[in-house]
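Please open the structure in your viewer and keep the selection tool at hand. The stops below say what to select and what is there.

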Amino acid sequence: MSGGQPETKIGRKGIAVAALLLTASALALLRPAPAFSQETELRGEVSESAILADQQRKARQLRGQGAQDQNAPAAAQDTAPTTYQPASPGAVPDDDQTAGASDSIFDQPPAANDPLADTTAPAKPRRPSTARQRTQDAKADTKASTKTADKKKTKKKAGEATDNTTTAATAATGDQADAAATADDGGNRRAVTIDSVDKQKLDPGQERTGSIDGRKVKPEEDPFAAPGVRIGTFVFRPTLEQGFTATSNADSSSTGKSAVLSETALRFTATSDWRENSALITGYGQFRNTVSGQKINDAQGRIEGQLNVDLDNELRAIAKLGYEAAPESASSPDAIAGVTQQPLRQTVDGSLGLEKSVGKMRYALTGVVSHDFYGDAELSNGTTVSQRDRDNTLYTATLRTGYQISPALTPFTEVELGRRVYDQRLDTEGFERSSKRIGARAGLELDMGEKLSGEFSVGWLREAIDDSRLPAVAGPSINADLKWSPERGTIIGLTGKTNVETTTTAGQSGDILYSGRLTGERQIRANLTANSALGLDWRDYTGSDGHDLILSAEAGLTWWLNRYAGLTTRVRTEKLTSNLPGRDYTANSVYLGLKVQR
């Protein structure tokens, strides 16, 4: 019996060892293979702090398991949870020491129906950190940093600079906190600070630029132009000119004599500063007084206003109103001989026009009213002669139709109808001077910008007098208003007008006056301007072969001392030649003065 006991004990131990081996084999077969868990891919990026925290957590678990194996009896007796006691105020316990701490983020999730889910698998031993492992970690760190930097650049190009700065600052703060928690493994960490975000390069074009104070200022196109004075919504530019004229014929007549005259001229323009519509007011006044020689004391001037209003449906309205006062010219066919001063002629005129564009067609309808009234003539013997029988009003309506061939060329035709009405039905000689007016013209509008602009037209004009004893005043009609600039600083202008001049001379109907002016202006220097003018007037008397030819030429210089004052001078000559007796004259003059402007 005693010899069988050892055999019985050995047999029982063998059976127990065999059972334990079978159980371990079954558990090994049921547990997932480590190779499978290594092939499992993690979604998304894992921060370096999470990897380090997981490694430290596993190391603590291994140390704790080793301590339990060595002190199993003591651990079995003391099963009460250990309360964490902070080493310093404000310290925070580790995640695995707090209640409800979760396992590693790299562990496989437990199966729902796994009967061996509660079986505890042996923990893997921690591999010591080697130089090779540090090198691999550093390389991974560098790749992650490169990817992060590329992402930041991409977002910054999309206009998310503010969000990038906030994210970078938050990430840097989190990394600093992780580095403080894992100071024992700080050799594998990379220092990240908020200041590193500020050192990143800005997008092209976002760099700070220097001051513009040192840049060159673009020079003014006309540094001596009048700056003007703002009055309400208008810019007012006045010019005052004072000088003296030495002339060989003071009143430009066949009996004129030499004199030295004091001349004062005031001119101004007022331009509106409105957003849509526009207004323009112009005016001038000229006063002449004798210093020595023939007695001259006269004044003349004009003021005119224009309003442009843009209406709906490509419709535009243009309104004008003007007033002019000037003495009768001594060379006029109606001038009275033997007077101390020619009668004053005053004119009030106004017009209203409507312009309409339909495709390339251009339409314009303009109505004009002009009233002339004359003062009494003072004779040298002290008597006066009334001129009231010359007062009249002219009403005209003009319809223009044009077709725009191109933005620069628009040919047109126009028809004019009118009526002249005298204040007195019969003049002092018993003639009925009222008349009917009709005209037709064809012309061309030019719009080539600063190079060439304006219009010209030719046609026929006729004014039939109500009195059958007087022939109608009729003849060709020529009108022009062109400006040409062959080069910058040079302006050449051409103007032409056709006017019907009425008369109250017994047995005469009047005449047609053709006036033409060719002007030139050249800016020699910024403060030196030259100007010139050539004039040609032709007067054709109705009912006779009488005619007048007037030629004139003028040249002048203006030297600006500064923006507000300058010296001006001009020379002028004028000659009238007529086939009627007592009308020829020649007048030469020289002027020197001072011009101020604002």
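The tour goes through a predicted model, from a pair of strands to a network of charged side chains and then to a loop.

**Stop 1: strands β5 and β6**

Select residues 297–311, which are β5, and residues 315–327, which are β6. The two strands run antiparallel and are joined by 11 bridges. For one point of contact, pick Gly301, whose bridge partner in β6 is Ala325.

Now go to the turn of this hairpin, where 3 residues lie between the strands. Select Asn313, which sits in the loop between β5 and β6. What is the sign of phi at Asn313? Phi there is positive, near 60°, and the residue is not a glycine. This is worth a stop because most residues other than glycine have a negative phi. Asn313 counts as exposed because its relative accessibility is 62%, and the cut-off for exposed is over 50%.

**Stop 2: from β6 to β8**

Keep β6 selected and add residues 344–358, which are β8. How many bridges pair β6 with β8? There are 13, and the pairing is antiparallel. Return to Ala325: opposite this residue, in β8, stands Gln346. Ala325 is also the bridge partner of Gly301, so selecting Gly301, Ala325 and Gln346 takes you from β5 through β6 to β8.

Next show the side chains of Arg316 and Glu355, which meet in a salt bridge with an N to O distance of 3.9 Å. Arg316 belongs to β6 and Glu355 to β8, so this contact links distant parts of the chain, 39 residues apart. Buried or exposed, or in between? Arg316 counts as partly exposed, with 32% relative accessibility. Glu355 also has a value of 32% and is partly exposed.

**Stop 3: a salt-bridge network**

The salt bridge of Arg316 and Glu355 belongs to a model in which the count of salt bridges comes to 33. For another, select Arg400 and Glu455, whose closest N and O atoms are 3.0 Å apart. Arg400 is in β12 (residues 392–403) and Glu455 is in β15 (residues 452–465), with their positions 55 residues apart in the chain numbering. Arg400 counts as buried because its relative accessibility is 16%, and the cut-off for buried is under 20%. Glu455, at 26%, counts as partly exposed.

Stay on β15 and select Glu463, then add Arg420 from β13 (residues 409–422). These two form a salt bridge with closest N and O atoms 2.6 Å apart, and they are 43 residues apart in the chain. Are they buried or exposed? Both Glu463 and Arg420 are buried.

To see how these pairs connect, select Arg400, Glu414, Glu416, Arg420, Arg437, Arg441, Glu445, Glu455 and Glu463 together. Salt bridges that share partners join them into one network.

**Stop 4: the loop between β2 and β3**

Last, select residues 234–247, which are β2, and residues 259–272, which are β3. Which residue in the loop between them is the one to pick? Choose Ser252, found in that loop. Ser252 is not a glycine, yet has a positive phi of about 50°. Ser252 counts as partly exposed, at 23% relative accessibility. Compare Asn313 from the opening stop, which has a positive phi near 60° and counts as exposed.

How values were computed:
Residues numbered from 1 in each chain as written. Predicted model: local features only at pLDDT ≥ 70, side-chain atom pairs only at ≥ 80, totals over all residues. Heavy atoms only, no water. Salt bridge = Lys/Arg side-chain N within 4 Å of Asp/Glu carboxyl O. Helix = DSSP H or I, 4+ residues; strand = E, 2+ residues; numbered from the N terminus. Buried < 20%, exposed > 50% of the residue type's maximum accessible area, 1.4 Å probe, protein only.
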